[in-house]
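Dear colleague,

I am passing on a structure that you have not worked with before, and I would be glad if you could look through it. My notes on it follow below.

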Amino acid sequence: MHSYRSHTCGQLRKSNVGETVRLSGWVHRKRDHGGVLFIDLRDTYGITQIVAQGNAELERVRAESVVTIEGEVVNRAEGTVNAKMPTGEIEVAVKSVTVQSIADVIPFQVSEDDGAGEDVRLKYRYLDLRREGMHSRVRLRNNVIAAMRRRMWDEGFQEFNTPILTASSPEGARDYLVPSRLHPGKFYALPQAPQQFKQLLMMSGFDRYFQIAPCFRDEDGRADRLAEFYQLDMEMSFVQQEDIFKVMTGVIGGIFEEFADFTGEKRRIEWLPNMGYVEAMEKYGSDKPDLRNPLVICDVTNVFKRDDVTFNAFKGVIEKGGAVKAIRAPKVADKPRSFFDKLNDWARGEGAVGLGYITIDSLSLEGEGRGEGGAAPLEGKGPIAKFVPPAALAELCKAAALESGDAVFFVCDKEEKALKFAGRARDRICDDMGIREKGVFKLFWLVDFPMYELDEKTGKVDFSHNPFSEPRGGMDALNGDPLKVIANQYDCVCNGFELCSGGIRNHRPDIMERAFAIAGYSKDVLEKKFGGMLNAFRYGAPPHGGCAFGVDRIVMLLADEPNLREVYAFVMNGQYEDPMMNAPSDITEAQLKDLHLKLNLLKKVEAA
RNA sequence: GCGGGUGUAGUUCAGUUGGUUAGAACGCUUCCCUGUCACGGAAGAGGUCGCGGGUUCGAGUCCCGUCACUCGCGCCA
C-alpha cells in the first residue's frame, strides 16, 4: 500500500466497506467523546469521518495537524449516517496512526468562516486557502483559465509568451520599474499589457494570438483593481470590429455559461445589443453601466430653464452652462421620509450639495394631456416641488416619463460632472429600492468611443483611450474636428464592470503620425517611444485588432465576490504590500551597488 | 494626494451620560463523557482598550496628533 494514502478523503463510499485503507489529510474537526473519538479528515478532495477508540496520539493532535491513518472502512450504524456528506454513509475505523505534522494553535478557524479580517487572512494566506470558500474559488479560477485556453485554441488561436522585462511606455498608467545592472541608470518596465508585442506578432504574420498575460500597473488599488493581474489578451489580423465581437462573444459567453452555476444558483447569461458610448453616458452616466439596474437618466434642463420655475440654485448653474439630470424612481412616493433623507445624506457624503427630488402624488385627469391615460400632475411634493408650478411639473413628467406615485431625483452640475454623479446616484437609488435584478449576467459591447477628449485643466486635446486605435474614417476624419472623431474601440461590460477593452488598431504609420500630432506628440517623440512598432508598420502591416479580458474580474463575477482578493491565491493588500512575504522590502547595500543605485528618498522615511 | 469607516482577548464583536475588578461567543488549556458530525458538560488561562499627548479627582469612552487596516475620490491611454 502507498505509504501515505490508498484513497483520497473524498473517495470512499458504501462499496468500499470492508476494505483496509490508508488516508492522509488535515484534522478538520475533532469530536472527543472520551471513549470514542471522531475526526473529520480533510484533503482537497473531501472529508471523511474517522473513528478511534482509546487512541492517545490522535486525542492529542490539534486541528489542522496532518495525519496518516490506516483502518477499515465500515458502515455507519443506522441513525448515524450523515446525509450532508458525500462520504457520510461510511467511516474509517482507525487501526494505526502516523502524525506527519503537528499544527500550532491556528490564528483563525479553517473549518468555518469566523469572519477573520483581511489583514490576518493575508498574513496566513496558506491557512486561508485551506478554507472551503477560498479553496473552491481558487479552483474556479484555475478552471476558468483552463477553459479560456481550450476555447481560444478551439478558435484557432495559439498562446504566445511576451517579455516581462520590457520598455517603459509613456502613456497610460505608471510603470513598475526594474533597474538594470548591466546598464547603469537605465530601467526595464514591467508590461502594463502586452499591447505592442501582440501587434508586432500580427506584423509577424501569426494571424491569431492569445495569452493569459500578466499585467502590472502602479496605480492605487481598488476592490476591483490590483497592481498585478491577468488578462485574456488576444489579437487577430484582417478583421473588423464585428469579427472580434463574434469570436469573443462566443468564448466569453461560453465561459459564463460553463461556470454559471458555481454559486449553486444557475444564473442566466444575457447579451444585450451594442451600446454607443454617448448613449451610455447620457442614459446611465457611466461607461460601464450595470444594466441589471432598470433606472435611467434623462435631461430636464429645459424644465428648470422655464420662467415659471423659480429654483435659483439650479438656474444659476444652468446659466453657467450646466445641466439638470433626472432619475425617475418608480412607485416610491409613499416611501417614508427616511428613504429620501438617506439618499440625500449619501449625496452630501459624496461631496454634493444634496439630492433634490419631487414626488408625484397623483396625476389629475384634467389639464395638459401627456398621451394615453396621462394628464397633468395635480401635485408634487418634496423640497424642490414648491419651485415647480403645475405647468412646469407637467413638462417634467413628460420629459422624465413620470407616473403617479413616482419620485424623480435631480442632479445639477456641468454636463459631464452631472452625468457622472447621476450615474452613481442611479446605482445608489437602485440599491436602496432593492430593484437590481438578480441571477443574471448582463453583457454587452460598448462601442463608438471618442478618439480624443479635451483636458479640462490644460485645454489641450488628448487621447481619451487607446492611442493605437484606428480613427473611424481614417485620415479624412483626422483632418476635421478632433473631438468628433470616433475610434474603432470597444469595451465589453458586464453587471457594471469593464471586463474587456480593445480596438481595431491603426496600422498605417502616416495616420498614426497624424493621430499623435493632434494629441500634441511630435514625430520625434513618436519615433522615440514607439519606433520599434512604427518601423514594423512600414514593412507591411496587416489590418488587425483585438482586446483583453480581465480574467480576475470574470472570476470575481462568477464567484459572486465583491473583491478581487477573494479570487486570487496569493495577493497583496490594499496598500500593495504582501504581509506574508513582507513585500515590498528593503534590499542590501550590495544589491544597490550592483544596480548602481544610491537611495536618496525625496520623502523622509523612518529607518527601521 | 484627499475623504468616509474601523481599530477592545488568538478570532469576531459588545461596552450606556466619563465612574469601582473591561465582557460575550468561538478558539485555547485541564478534567469528565462510547455515536458525534457546529457533540455535550465542568473549571481555567488569556487584555499596553492601535500608539503618543492633553482635559479630568477619574478616560476604552471626551479633545489633539499619529499609525494601521478598509471602502471610495483623484489616478487607472
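In which loop does Ala116 lie? The model is a predicted one, and in it Ala116 sits in the loop that runs between strand S5 (90-101) and helix H2 (118-123). Ala116 counts as buried, because its relative accessibility is 19% and the cut-off for buried is under 20%. Leaving aside residues up to four places away in sequence, Ala116 touches Phe108, Arg121 and Arg131. The C-alpha atom of Ala116 is separated by 9.5 Å from that of Asp128, which is 12 residues apart from Ala116 along the chain.

From this loop I turn to the interior. The largest nonpolar core has 51 residues, and the residues with the most contacts inside this core are Leu232, Met248, Phe256 and Phe549. Helix H6, which covers residues 241-259, gives the most to this core, with 9 residues. Leu232 is worth following in the viewer: not counting residues up to four places away in sequence, Leu232 touches a list of residues that includes Met148, Met152, Phe210, Ile212, Val251 and Ile252, as well as Cys547, Ala548 and Val551. Two others that Leu232 touches, Met248 and Phe549, are themselves among the residues with the most contacts inside the core. There is also a second, separate core of 26 residues, and among its members are Leu201, Phe468, Ile511 and Met512.

How many disulfides does the model have? The count comes to 0, where a disulfide would need a pair of cysteine sulfur atoms within 2.5 Å. Cys215 is in no disulfide, and the nearest cysteine sulfur, that of Cys500, is 12 Å away. For Cys430, the closest cysteine sulfur belongs to Cys494 and is 15 Å from its own, so the distance is too far for a bond. Cys215 counts as buried because its relative accessibility is 0%, and Cys430 is likewise buried, with a relative accessible area of 0%.

Finally, a word on the surface. Leu177, Phe187 and Leu597 together make a nonpolar surface patch of about 260 Å². Of these residues, Leu177 lies in strand S7, which covers residues 177-179, and Leu177 counts as partly exposed because its relative accessibility is 48%.

With kind regards

Key. Residues are numbered from 1 along each chain as its sequence is written. Chains are lettered from A and ligands numbered from 1 in the order in which they are written. This is a predicted model: local features need pLDDT of at least 70, side-chain atom pairs count only at pLDDT 80 or more; totals for chains, interfaces and linings use all residues. Side-chain values use heavy atoms; hydrogens and water are left out. Patches are made of residues with over 30% relative accessible area and no salt bridge: like charges are joined within 9 Å, nonpolar side chains (Val, Leu, Ile, Met, Phe, Trp, Tyr) within 5 Å. Accessible areas come from the Shrake-Rupley method with a 1.4 Å probe; for residues, only the protein chains shown count as cover. A salt bridge is a side-chain nitrogen of Lys or Arg within 4 Å of a carboxyl oxygen of Asp or Glu. Helices (H or I, at least four residues) and strands (E, at least two) are DSSP runs, numbered from the N terminus. Buried means under 20% relative accessible area, exposed over 50%, partly exposed in between (1.4 Å probe, protein chains only). Contact means heavy atoms within 4.5 Å. A nonpolar core is a set of buried Ala, Val, Leu, Ile, Met, Phe, Trp, Tyr and Cys residues joined through side-chain atoms within 4.5 Å.
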